[in-house]
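Please follow the structure below from single buried side chains outward to the cores and the domains. The discussion proceeds residue by residue before turning to the wider arrangement.

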Amino acid sequence: MSATRDPLAGAADLSTRTGDPGLHRLAAGALLISFQGTTAPDWVLRGLEDGLGGVCLFGFNVAGGEQVAALSARLNEAGRPVVSLDEEGGDVTRLAYHTGSAYPGNAALGAVDDVALTERVYHAMAADLARCGVNLDMGPVADVNTADDNPIIGTRSFGSSPGLVARHTVAAVRGLQSAGIAACVKHFPGHGATHQDSHLEIPRVDASLDLLRERELVPFLAAIEAGVKSIMTAHVAVPELTGDLPATLSARALTRLLRRELGYDGVVLTDALDMHAISKNVGLAEGAVRALAAGADLLCLGPLPTSEDVRSMVDHIVDAVAEGRLTAERLEEAAARVERLRDWFAGAHLPSGSGPAGEGAEGDAVGLHAARRAVSLTGSAGPLVDPFVVEIDTPPTIAVGEVPWGVAPWLPEAEIVRVTPAEADAGALLGRALERSLIVVVKDAHRHPDSRALISELLAARPDAVVMEMGLPIWRPDAGAYIATYGAARANAQAAVELLSDGPSVAGL
């Protein structure tokens, strides 16, 4: 390609080739694309005019609620797009990417196990989304988290019991859809038993079909019966079901199991095709063709594909129809399902007004209430004396990203240091904590041996220290006090500091 060529040239046609414009429009209609920045580039707006299915927003698209509302309005001027993002509460948030979520995530809600509360939390999140012009939430996570060392699900799951996950998945779906936001339960047929991250490779779920039906599929079937509008596929291989293929590319998973056996006729949306489980194995464009052939209706793209990639994908889908590897009827079926979803959006009664996401009084109140009910304290911290806080930093997952976390906003009187386990000097930290209250904050210590080693070294000298676990409370050291938050959202941190400050009398509020 010439260095002087406009990289957006030809974007208005979504293709670099001539041919059936109706077929190109069908191919483009299956794509849910992403872009950089807080305003929509011209190629996106022209693409929506020519039939692109919609957009998936990320944290880098968000500066504030009013800005997202204006962005969504501009997108809707160009077409009838699906406007989606991942808003799970807890650690995974896009609207509150720069501040941390006002809502606890699924692990906290599962720990409380009050389905009415879960529905209220998701209804409040839906109101935030509606004010911003988003119409599809890529949530809730319906995975049953049975692998303690799962690197990608963890606190995003309601828990390890199929029944618990199912009833809270249904509550979340009701909360979202009663406010006019389409829910997208994920990741079918289940990502909770994996030990790998599908952003980086193809994880395996070594489960029989019988076990899959007894465990992984229970929440998805419950969501289908509750009328969920969309389901996201997982890039996981289940050898007995999909062989070595990820479920996203498996007709046995999407057509035979999901459509025929479970009876689902709503929109099937893929997880991002630029994740390595797809892009590094069959390639982005070929992954699009195979996912459509397997039974997917909307193909989600993460932040990596460019406008050139999008045009190549459209061309590749059209070529696959010409080659007989994909039928036009399959594209028409997908388009019809997405159109029914758009009709549902049009008929939904959305909350009016706009404002910064997560800053409404109702949302803050229900989120903090839920976080307070989830947090627990074992032992006694005693009154804080000139507190010294050690926050142990670990690399964030790709799904979470660089979302702020920690206790600083709620403990302004404390000295707070953030360290990585490899670089931390336990002796120096203990010296700085001398004759002061020592609080050690960690996320998912059970998954990080070096974090556990550092905590153990600190506790050996300071058994009176407080350990605050902001991930899953699986590894519990013998500390003076142990606080479990079940997530690292802003609401979780506030609830934990309140509990720490007030002592054990507020536990369980």
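In this predicted model, threonine 248 touches a set of residues beyond its sequence neighbours of up to four places: Thr233, Ala234, His235, Leu254, Thr270, Leu273, Ile278, Ala291 and Ala294. Threonine 248 itself is placed in the loop between helix H9 (239-242) and helix H10 (251-261). Its relative accessible area is 0%, so the residue is buried. One of its partners, alanine 234, also offers a backbone oxygen, which lies 3.2 Å from a polar atom of the threonine 248 side chain.

A second buried position is histidine 168, which belongs to helix H6 (residues 162-177). Because its relative accessibility is 0%, histidine 168 counts as buried. Where does its side chain find a polar contact? The side chain of aspartate 113 joins that of histidine 168 at 2.7 Å. When residues up to four places away in sequence are set aside, histidine 168 touches Leu109, Asp113, Asp114, Val115, Thr118 and Phe158.

Isoleucine 153 is found in the loop between strand E4 (136-137) and H6. Is this residue buried or exposed? With a relative accessible area of 4%, isoleucine 153 is under the 20% limit and therefore buried. Not counting residues up to four places away in sequence, isoleucine 153 touches Val141, Asp143, Asn145, His187, His191 and Gly192. Its C-alpha atom is separated by 9.0 Å from that of alanine 399, although the two residues are 246 residues apart along the chain.

The discussion now turns to the domains. The domain assignment of the protein gives domain 1 (21-347) and domain 2 (375-501). Taken over C-alpha atoms, the centres of domain 1 and domain 2 are separated by 34 Å. In the contact between them, 28 residues come from domain 1 and 21 residues from domain 2.

The nonpolar interior can be read against this division. The largest nonpolar core has 124 residues, of which Ile33 and Ile317 touch the most other members. Which helix gives the most to this core? Helix H5 (residues 115-131) does, with 8 residues. At least three residues of this core are drawn from each of domain 1 (21-347) and domain 2 (375-501). Around isoleucine 33, leaving aside neighbours within four places in sequence, the contacts are Trp43, Val44, Leu52, Gly54, Val55, Cys56, Leu301 and Val310. There is also a second, separate core of 24 residues, whose members include Val375, Val407, Ala493 and Leu500.

Aromatic side chains complete the account. The structure holds 3 aromatic pairs. One of them is formed by phenylalanine 58 and phenylalanine 60, whose ring centres are 5.5 Å apart and whose planes meet at 15 degrees, so this pair is stacked. How do the two members stand with respect to accessibility, buried or partly exposed? Phenylalanine 58 counts as buried because its relative accessibility is 13%, whereas phenylalanine 60, at 30%, counts as partly exposed. A further aromatic ring, that of tryptophan 405, has arginine 418 over its face, at 4.1 Å from the ring centre.

Methods: Residues are numbered from 1 along each chain as its sequence is written. This is a predicted model: local features need pLDDT of at least 70, side-chain atom pairs count only at pLDDT 80 or more; totals for chains, interfaces and linings use all residues. Side-chain values use heavy atoms; hydrogens and water are left out. Helices (H or I, at least four residues) and strands (E, at least two) are DSSP runs, numbered from the N terminus. Buried means under 20% relative accessible area, exposed over 50%, partly exposed in between (1.4 Å probe, protein chains only). A polar contact is a pair of N or O atoms within 3.5 Å; within protein, one must be able to donate a hydrogen and the other to accept it, and residues adjacent in sequence count only if both atoms are side-chain atoms. Contact means heavy atoms within 4.5 Å. Rings of Phe, Tyr and Trp (its six-membered ring) pair if their centres lie within 6.5 Å; planes under 30 degrees apart count as stacked, over 60 as edge-to-face and the rest as tilted. A charge sits over a ring if NZ of Lys or CZ of Arg is within 6 Å of the ring centre and within 35 degrees of the ring normal. A nonpolar core is a set of buried Ala, Val, Leu, Ile, Met, Phe, Trp, Tyr and Cys residues joined through side-chain atoms within 4.5 Å. Domain bounds come from an automatic or database domain assignment.
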